[in-house]
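Here is a friendly walk through one structure, from an overall fold to surface patches. Please have a look at it first.

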Amino acid sequence: MAVGLKARQGFGRAVHVLVLLFFSVALGFPFYWMVITSFKQNPDLYNLKNNPFIFNMKPTLEHVTFLFRETLFLRWLGNTLFAGICVVTITLLLAVPAAYALTRITGRWGGHVGIAIFLTYLVPPTLLFIPLSRIVALLGLQDTLWSIIVVYPSFTIPFSIWLLMGFFKSIPRELEDAAMVDGLTRFQAFLKLVIPISVSGILTVVIFTFTLVTQEFVYALTFISSASHQTVGVGVPIYLVRGDVYYWGSLMAACLISALPIGILYNLFLDRFIAGFTVGSVK
Amino acid sequence: MAIVQTRALTKVFKKGELGAVNSVDLESREGEFLVLLGPSGSGKTTLLRMIAGLEEPTSGEILIGGRVVNDMTPRERRIAMVFQSYALYPHLTVFGNIVFPLKAQGMEKGERQKKAEWAAGLLGIGHLMHRKPRELSGGERQRVALARAIVREPALFLLDEPLSNLDAKLRASARTELEQFQRRVATTTIYVTHDQVEAMAMGDRVVVMNKGLVRQIGTPAEVYDEPADTFVATFLGSPPMNLIDIGEATVGFRPEHFFPVSHLAGQAAVPADMREDARVGPYVPLRFLISHEEYLGAERILYGKLEGGRFDGKPAVSRMSSTHGAVFESGSVHAFAVRQGDLKFFHREQGTRTQPVPLS
Amino acid sequence: MSALGRQRWLGPAMFLPAILYVVALVGVPFVLAFLYSVGDVKVGSVGYHFVGLANFKSVLQSPTFLRSLRNSFVFTIASQVLVLLGANILAMALKNVFPGRRFVRFLILLPWVAPVSIGSIGWKWILDSLYSVINWVLIRFHLVNEFSPPMYLGEPKLAMISVILVHTWHMLPFATVIILAGWTAIPKDIPEAASVDGARFFRRLFQIELPMMLPIINVAVLFGVIFTFTDMTVVYILTRGGPYDTTQVLPSQAFFTGILGSDLAEGAAISLFLVPLLVVVAWLMLRTAHKAEVT
């Protein structure tokens, strides 16, 4: 019997390892491919005789140098960073007080408003981009970075409110009661007590908003037509391509540089985002 | 120092929400320890929160020190409150917690420091000043909460079940400490609890509440010995008062007043309390069919049914000291008695106290 | 004014700015989309004339639109089926602690957290017509003809499959982590009780654990459907809807018609076909949330 059990466990373990291996390769391969491509010399890269999985010639930094020296990549990084900071600021200023008010001040129907706001997150850019392109034009923002700075909070605010509502709900009500008995007004209690103890929730919103800004594609593609005003997410896949010629080496280097930091940041805060999506369905 | 009054204070909640308060009139005395006692959902916490200004009354008035405070924020009412969870600010140290209300008042820094040290000294937590709340034990947290409450010398203390988060052993000592502390600072205190032992032990007076109504206000002895209605009679005491429906009224007597006749006859010397029989009147003899007994160490509880006459078949409980050595077998019938004066009579429907009715 | 009365305007003062912002940039364009779809708005035009259902009529008569509509469903259903299968298997493999689990989790998450446009361009290179690494391997093993290897993005069927697989690649991590959250939320004693009662692995899985996971799997699927049905990024970057509009989906066609083709009205009419699905998903989601609240 013991042997049978052991054999069964061994088989289970083998399946486990195989499953993990398969998915790791299938999901991670493109990133490995970005790394390999970024540092290969062109003669190596475009020689069909060479084994493409390894460096057949010495690795090179020429693609990375090219990327920073000859393309708008650095500019796009700066644009993305700037837009990200602006969008994060707008989102925090509007979403934090709103989420607090809807969880604590407005009573029962605050929760309903919260759900309604969350549902607007489901309305996709591909439904709104046509009318929005007109609104952006009316505001005189077409082909500027400001167009996306104004529009992005329309989807970062709803999800941030939703995340923060879950967070604020977990703060014991008695803490705020105590602060008010101790001499603060409700609004002061929000500023001096609720915000300091919600730092990690607010940080989650910051990271989340920032990653959304880097991931967005449709609005930036629609509203901005000059390469120099673009963000990384559109600039790299659209404007690093000259005609039909792809500079694959520098293109992949750009992908790598823009994807990895976001990936690492996001990973650190992952559990919180998931909590945001699954509120209510996991106990 | 101040007294608190409420006038027809009412709080109506939506359907399904517990804790409504129905036209409560209450008046505390100067420096007294007033306990609000009731089961959960009786409205006692809501009443306290309305006094604190955390809950808006539907109607009625609240007066603190003779002034109507309905329109004042909690901060303007000069009160201090200790919460069930203590509500210590998790991001501040013990010191930060204690000076928090002083900062909110805009007190100058040096004075703040002095006050905080005074309060911490009073509660013996001076050595914990730089710890965070999560590094404290339950008892220490409770003291920090108290220190935060007294530091600004409030006119009124409000305490919402502050001992319920402590374990049983700690609770007993914390009870004594809290009581002595209150006597020392002599600030009018309103204390909410569902624990009758706490209420009896600490309160100068006890307000018994149920379903948003005040059922009785009195000293612990008054509410225990002379319950105003059947709710108070059964809520206080463990086991609760025996209530027996005899048709025109409900008769009640406490289990400890219901004892075996052998208890009287078997004694060589006449017990001291027998001499007072003239005051409490003659005995009412009752036959008691024992079903089972619980031995609790210090005391014994007998469960069974009454037999004969108007009490036939009614369940009853007797409680006696373990020093009483008699043996009561299950299924055996014994002669028991209650003194006439220990019988309380209640209105059958309304449950309120009525005049005694003749039993035979 | 009473002390608590002051709170009555504090609440609205705190949440109205956010709500107005969202209404102005989601609610207003949402309504405008409807107005455009029954008007004659073009880029640069000023006036607005009501044209009734003319735009819808012309859209419905276009074979490209019908193909996009069909593609959208094929694209969504196929990728979501794959995502659901893969995510459940992967989540099961990840739910137990093993050495290196954090790293594997990070690796597996990358496709979701990296900007989707960037990930897609990575795939475009892998699926390149000339330098595809896949073809290099297949040629090595003599599985395809060296002189006419498959053009993954150039042949209609292969292009559609590529688009579906790349989207699956992108969405799989998201569904996995949500389902993983569900697994960790199942009280451990229930499966344990089942195994004490003699239930083997598959019986436990299908009769106890999966039914308990159903609400959370619902959430993963609903989000997955929305994000897939309304996405145009993968298609736009990999194929631009080609070859010959064979991989066109509703959102990408709305973009080509409304933005690049300057026909805002017709573009709006196309994108409005997303709405019925959105409504259904929103309704299902509310029901799920409601059920979770009740239990």
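The report below covers chain C and then two surface patches.

This is a predicted model, in which local features need pLDDT of at least 70, side-chain atom pairs count only at pLDDT 80 or more, and totals for chains, interfaces and linings use all residues. Residues are numbered from 1 along each chain as its sequence is written, chains are lettered from A and ligands numbered from 1 in the order in which they are written, and side-chain values use heavy atoms, leaving out hydrogens and water.

Let's begin with chain C, which has 13 helices and zero strands (DSSP runs: H or I of at least four residues for helices, E of at least two for strands). Its radius of gyration is 24 Å, well over the 19 Å that the globule rule gives for 295 residues, so chain C is more spread out than a compact globule. That radius is taken over C-alpha atoms, and the rule is 2.2 Å times the number of residues to the power 0.38. The C-alpha trace of chain C spans about 85 × 75 × 30 Å along its principal axes. Of the 295 residues in chain C, 55% are buried (under 20% relative accessible area; exposed is over 50%, partly exposed in between, with a 1.4 Å probe and protein chains only).

On the surface, C:Val31, C:Leu35, C:Tyr48 and C:Phe50 make a nonpolar patch of about 410 Å². Elsewhere, A:Lys192, B:Arg75, B:Lys103 and B:Lys109 form a positive patch. Patch residues have over 30% relative accessible area and no salt bridge, with like charges joined within 9 Å and nonpolar side chains within 5 Å; a salt bridge puts a side-chain nitrogen of Lys or Arg within 4 Å of a carboxyl oxygen of Asp or Glu.

One member of each patch is set out here.

| Residue | Helix | Relative accessible area |
|---|---|---|
| C:Val31 | H1 (residues 5-37) of chain C | 49%, partly exposed |
| A:Lys192 | H10 (residues 186-197) of chain A | 47%, partly exposed |

How values were computed: Areas by Shrake-Rupley, 256 points an atom, 1.4 Å probe, with all protein chains shown as cover. Lys, Arg positive; Asp, Glu negative; His and termini not counted. Charge placed at Lys NZ, Arg CZ, Asp CG, Glu CD.
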